[in-house]
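I opened this notebook to record what I looked up, one query at a time. The entries begin with a strand and its neighbours and end with the contacts between larger parts.

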Amino acid sequence: MTPDLKVRIGSLELPNPVMLASGTCGYGLEMMPHGDIAGLGAVVAKGLSLLPSPGNPPPRIVETPSGMLNSIGLENVGLAVFLADKLPKLRNLGARVIVNFYGSCRDDYRELAARLDGVEGIHALEMNISCPNVKRGGVAIGQEPEEVHQAVAAVRAVTRLPLIVKLTPNITDIRVTARAAAEGGADALTLINTLQGMAIDVETRRPSLARIVGGLSGPAIRPVAVRMVWQVRQTLAIPIIGCGGIWTARDALEFLIAGATAVQLGTVNFTHPDRWVEVVKGIEAYLVRHGMEKVTDLIGSVDR
Amino acid sequence: MLLDVRAIRQLTEDFYLLELRWPAGMAAPLPGQFVMVRTREGTDPPWRRPFGVHDFRRVRGEHVLSLLFQVVGPTTRDMASLQAGSMLDLLGPHGRGFRLEASEHWLVSGGRGVAPLFFAARALNGRGAPCRAFLGGRSAGHVLRERELERLGCRVETATDDGSSGHRGLVTDLVERALARLSARRLASIVLLACGPHGMLKAVAGIAARRGVQAQVSVDPLMACGRGLCLGCTVQAHDGYRLACQHGPVFNSRDLAWGTT
């Protein structure tokens, strides 16, 4: 018997729990040569702002042990181009689209969410209050529980779409901001965005990134992410989307067992653009091997 | 995709030439385009490595893609130990390459920068277009493909830091000197194609601006994906940022902001 891979994120039902993380798959369209994105649970589009953003000066990336630092700065095409150019193509492909969005203040978040509400072809919103690479908005909101609560509530008030809030790990206790987001009206949480990090070219003694500090992603951060998913699962019932260094199906399973309802693949897409196909198959094969009928039986099943 | 290694040959102490069988039906690469290579399972190094296509030709009924590489790290060390019959994981071709539209092209390379220029010389030879090559390197062992470029009809001059091959000094000295003798009309018919270290490319851009010739430079910033996903390989143009992987890696030197880098 084929196991049931369906999961629910708020009112959104997904055919399987595998998504591509924002900022690692373009607008989803760029992934088409490597696999039909309609076969994904969902694709999370590159972080969107009201107006186009050029992003940060180079150098923006550097390779680190089992990971990378980035300081892209949320370069994106802006709302108008996304709606006119990207979304219609995604709709035609039949992909489930989650729009990651950000602003520099609470009003920006609210306006963007209001304008995305009810747009055909958008299945959910992912509110980015966790980007470490922009001066305002982003992580500045995500590190203050009271700000998180109010910003999420402001967005909640203007959208009927499932609202996912992506949290930063750059905080003492992720359970505090997770609770603030849940109480603000989030339907789900994405855990985690990148960890702040820094690298230096010792020959030139210059920081490797133009903005000096960037966000660390990749397998190097996976244990941190798994820990945070597990911690939040112990205290809140809200669905969690686990994200951070998933490289194989085994890694995705680790997040599900820790308590994630779904997972996002990020940095791995750069190296293995078709890896998500194997991850979906690998989760299915695992369920068969363990005699489990549905993936939801796995969620939070860590044996203590 | 996995490609079959057809042959591998060590050229000098740390340079190798790798020939891969290009699957029938795959889009053929164009001069200046690149491929992304991975040699290891697991998560280190996490990124693929970009290589400008060195050559692409038909040999006894099959398409052969060549990579010229210098051993500098884990991926190239692994590549050096490949053997005929091994497989190599590669994605591509990616990017926008050289636009070979001038009546005369001069190739300017530093070290391994000769790799993608050779493919341009192959294409120019195919259409009977005149070509000169200026090859620079640290020493004679870092000046590669001199003979082969001559066989493709290029007039070749070399420069090395230690004088072990050709001019002792910078390859850009040779270019500057050769251009200095030409009339404005002749200069207008020449396009420089350059690939090498950043400092060399910057010097080529300066020469092009001073002498009134066009130059196309192939840049090489750190690249994670090679396909416009990570937005990491940004270069500064006069009117904003460009992605080396999608808008380049070959740019008109006049479009880039050299002063800030």
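Entry 1. Before reading any strand I fixed the cut-off: I call a residue buried if 20 or more other C-beta atoms lie within 10 Å of its own, with C-beta atoms placed from the backbone. I also kept in mind that the model is a predicted one.

Entry 2. With that cut-off I looked at strand β10 (residues 188-191) of chain A, where Ala188(A) and Thr190(A) point one way and Leu189(A) and Leu191(A) the other way, and I found all of them buried. I noted beside this that in a regular strand the side chains alternate between the two faces of the sheet.

Entry 3. Which strands pair with β10(A), and in what sense? On the one hand I found strand β9 (residues 163-166) of chain A, which runs parallel to β10(A) and is joined to it by three bridges; here Val165(A) stands opposite Leu189(A). On the other hand I found strand β15 (residues 240-243) of chain A, which also pairs with β10(A) in the parallel sense over three bridges, with Ile241(A) as the bridge partner of Thr190(A).

Entry 4. I then followed the chain from β9(A) to β10(A) and recorded that these strands, together with helix α5 (residues 174-184) of chain A, make a right-handed β-α-β unit.

Entry 5. Are the residues of β15(A) buried or exposed? I found both faces covered, since Ile240(A) and Gly242(A) on one side and Ile241(A) and Cys243(A) on the other are all buried. I went on to strand β16 (residues 262-265) of chain A, which pairs with β15(A) in the parallel sense over three bridges, and there I noted Ala262(A) as the bridge partner of Ile241(A). Helix α7 (residues 249-258) of chain A completes a right-handed β-α-β unit with β15(A) and β16(A).

Entry 6. Next I looked up where chain A touches chain B, and I recorded 26 residues of chain A in contact with 22 residues of chain B. On the chain A side, β5 (61-64), β6 (67-70) and α8 (268-271) each supply at least two residues, and the residues of that side divide into twelve nonpolar, ten polar and four charged.

Entry 7. Turning to chain B, I counted six helices and 16 strands, and I read that 48% of its 261 residues count as buried. Its C-alpha atoms fill a box of roughly 55 × 40 × 35 Å along the principal axes. The radius of gyration of chain B is 18 Å, which agrees with a compact globule, because a globule of 261 residues would have a value near 18 Å. Of the contacts in chain B with a separation of 6 or more, 61% come from residues 24 or more positions apart.

Entry 8. Last, I looked at how chain B is divided, and I found domain 1 (2-94) and domain 2 (104-255), whose C-alpha centres lie 21 Å apart. How many residues does each domain of chain B bring to the contact? I recorded 22 residues from domain 1 and 19 residues from domain 2. On the domain 1 side, at least two residues each come from β3 (34-38), β4 (49-52), β5 (55-59), β6 (62-70) and β7 (87-94) of chain B, and I noted that the residues of this side divide into twelve nonpolar, six polar and four charged.

Definitions and conventions: Residues numbered from 1 in each chain as written. Chains lettered and ligands numbered in written order. Predicted model: local features only at pLDDT ≥ 70, side-chain atom pairs only at ≥ 80, totals over all residues. Domains from an automatic or database assignment. Contact = placed C-beta atoms within 7 Å. Helix = DSSP H or I, 4+ residues; strand = E, 2+ residues; numbered from the N terminus. Nonpolar A, V, L, I, M, F, W, Y, C, P; charged D, E, K, R; others polar. Buried ≥ 20, exposed ≤ 12 C-beta atoms within 10 Å, placed from the backbone. Pairing = 2+ DSSP bridges. Right-handed = clockwise from strand over helix to strand, strands pointing away. Rg over C-alpha atoms; globule rule 2.2 N^0.38 Å.
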